Amino acid sequence: GSGAHLQHVITGTQLIKCGEVGIKFMQERAAVTVKDCKFEKCGLGIWCSEASKLSLQGSTITGNSERRPRSEDCTGLFVGEGAQADVSDCTFTNHFKAIAIRDAGSTLTGKDCAIESCLGSGVYARGEKVNVRLRSWNFSKCGEKKVSNSTTAGVTVTCGACATLEECRFVECKTSALQSTHNATIVHNNSVFVSCAQQELAFE
């Protein structure tokens, strides 16, 4: 049937200094719950792809700043290939991209999270039919570094992606709090902007 084939539950686990990937889920239609876990200095905390479903709760994901050993961006959570991630009560710190999401059908939802000290974009969503819906997230010190040919922001959507943000707060985002490029859309309600260089950048 269409239900999840495999159920995984990971609670109270610590992953320290994983150079490439802490946890990788690539099983189609697997359902995974990661709760009360700690990822410290990981190049990529969690990889979720191939239409799997991730519930990430109450966890702390800390990166190693800018790059993974194989020169990819340091990322807290990657969501791709139609995977669905729901993220609540989590903190992401010291990444290049805290959350990266791409490929048609991939979704990111959740509430009450914090993304702090992110050199690039806090949430980076790319591609047609990529959907982000967040409530009560805090973004502080995101977009610290400008990358060649692109700027970075608290939330960046590009290439047709769509984001809906409710009651989110942006503090000291260096380039811009929000950014949409290449036919992407951001809808935001009741946002708070504190000491951001710009509230919103939009490019065709």
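Leaving aside its neighbours within four places in sequence, which residues is T175 in contact with? Keep that question in mind while you look at the whole chain, and remember throughout that what you have open is a predicted model.

**The whole chain**

Begin with everything selected and shown as a cartoon, where you will find 24 strands and zero helices. The C-alpha atoms fill a box of roughly 45 × 35 × 30 Å, taken along the principal axes. The radius of gyration is 15 Å, which agrees with the value near 17 Å that a compact globule of 204 residues would have. If you switch to a surface view, you are looking at about 9300 Å² of exposed area, of which carbon and sulfur atoms supply 44%, while buried residues make up 49% of the 204 residues. Among the contacts with a separation of 6 or more, 54% join residues that are 24 or more positions apart.

**A sheet from β2 to β23**

Select next the strands β2, β5, β8, β11, β14, β17, β20 and β23, which in that order form an open sheet of eight strands with parallel pairing. At its edges stand β2 (14-16) and β23 (192-194), each of which pairs on one side only. Neighbouring strands of this sheet are turned by 5 degrees against each other on average, direction ignored. Within the sheet, zoom in on β17 and β20, which run parallel and are joined by three bridges; here you can find N138 opposite R169 in β20.

Stay in this region and show the side chains of K141 and E172, which meet in a salt bridge with 3.1 Å from N to O. K141 lies in strand β17 (residues 138-142), whereas E172 lies in the loop between β20 (169-171) and β21 (178-181), so the pair ties together parts that are 31 residues apart in sequence. Are these two side chains covered from all around? Neither K141, at 37% relative accessibility, nor E172, at 36%, counts as buried, for both are partly exposed.

**T175 and its contacts**

From E172, move along to T175, whose place is in the loop between β20 and β21. T175 has a relative accessible area of 17%, which is under the 20% limit, and therefore T175 is described as buried. The opening question can now be answered: beyond its neighbours within four places in sequence, T175 is in contact with G143, T151, T152, A197, Q198 and L201. Pick out G143 from these residues, and you will see that its C-alpha atom is 5.7 Å from that of T175, although the two residues are 32 apart in sequence.

**A sheet from β3 to β24**

Now select β3, β6, β9, β12, β15, β18, β21 and β24, which in that order make up an open sheet of eight strands, again with parallel pairing. The edges are β3 (23-25) and β24 (200-202), each with a single partner strand, so one side of each is left without a neighbour in the sheet. From one strand to the next, the twist averages 10 degrees. For a detail of the pairing, centre the view on β9 (residues 75-79) and β12 (residues 97-102), which run parallel and are joined by four bridges, with T75 having K97 as its bridge partner in β12.

**Strand β13 and its partners**

Which residues of strand β13 are on its covered face, and which are on its uncovered one? Select residues 107-111 with their side chains: L108 and G110 belong to the covered face, while T107, T109 and K111 belong to the uncovered one. In a regular strand the side chains alternate between the two faces of the sheet. Add β10 (residues 84-88), which pairs with β13 in the parallel sense over five bridges, and then β16 (residues 131-135), which is also parallel to β13 and joined to it by five bridges. K111 is a useful residue to centre on, since S88 stands opposite K111 and R135 in β16 is the bridge partner of K111.

**Salt bridges to finish**The structure holds five salt bridges, among them the pair K141 and E172 that you have already visited. Select K38 and E40 next, whose closest N and O atoms are 3.4 Å apart; K38 is partly exposed with a relative accessible area of 36%, and E40 is partly exposed with 27%. End the tour at R102 and D103, whose side chains meet in a salt bridge with 3.7 Å from N to O. R102 counts as partly exposed at 41% relative accessibility, and D103 counts as partly exposed at 28%.

Methods: Residues are numbered from 1 along each chain as its sequence is written. This is a predicted model: local features need pLDDT of at least 70, side-chain atom pairs count only at pLDDT 80 or more; totals for chains, interfaces and linings use all residues. Side-chain values use heavy atoms; hydrogens and water are left out. A salt bridge is a side-chain nitrogen of Lys or Arg within 4 Å of a carboxyl oxygen of Asp or Glu. Buried means under 20% relative accessible area, exposed over 50%, partly exposed in between (1.4 Å probe, protein chains only). Helices (H or I, at least four residues) and strands (E, at least two) are DSSP runs, numbered from the N terminus. Two strands pair if DSSP finds at least two bridges between them. Axes are lines fitted to C-alpha atoms, for helices over the stretch in contact, and angles run from 0 to 180 degrees between N-to-C directions. The radius of gyration is taken over C-alpha atoms; the globule rule is 2.2 Å times the number of residues to the power 0.38. Contact means heavy atoms within 4.5 Å. Accessible areas come from the Shrake-Rupley method with a 1.4 Å probe; for residues, only the protein chains shown count as cover.
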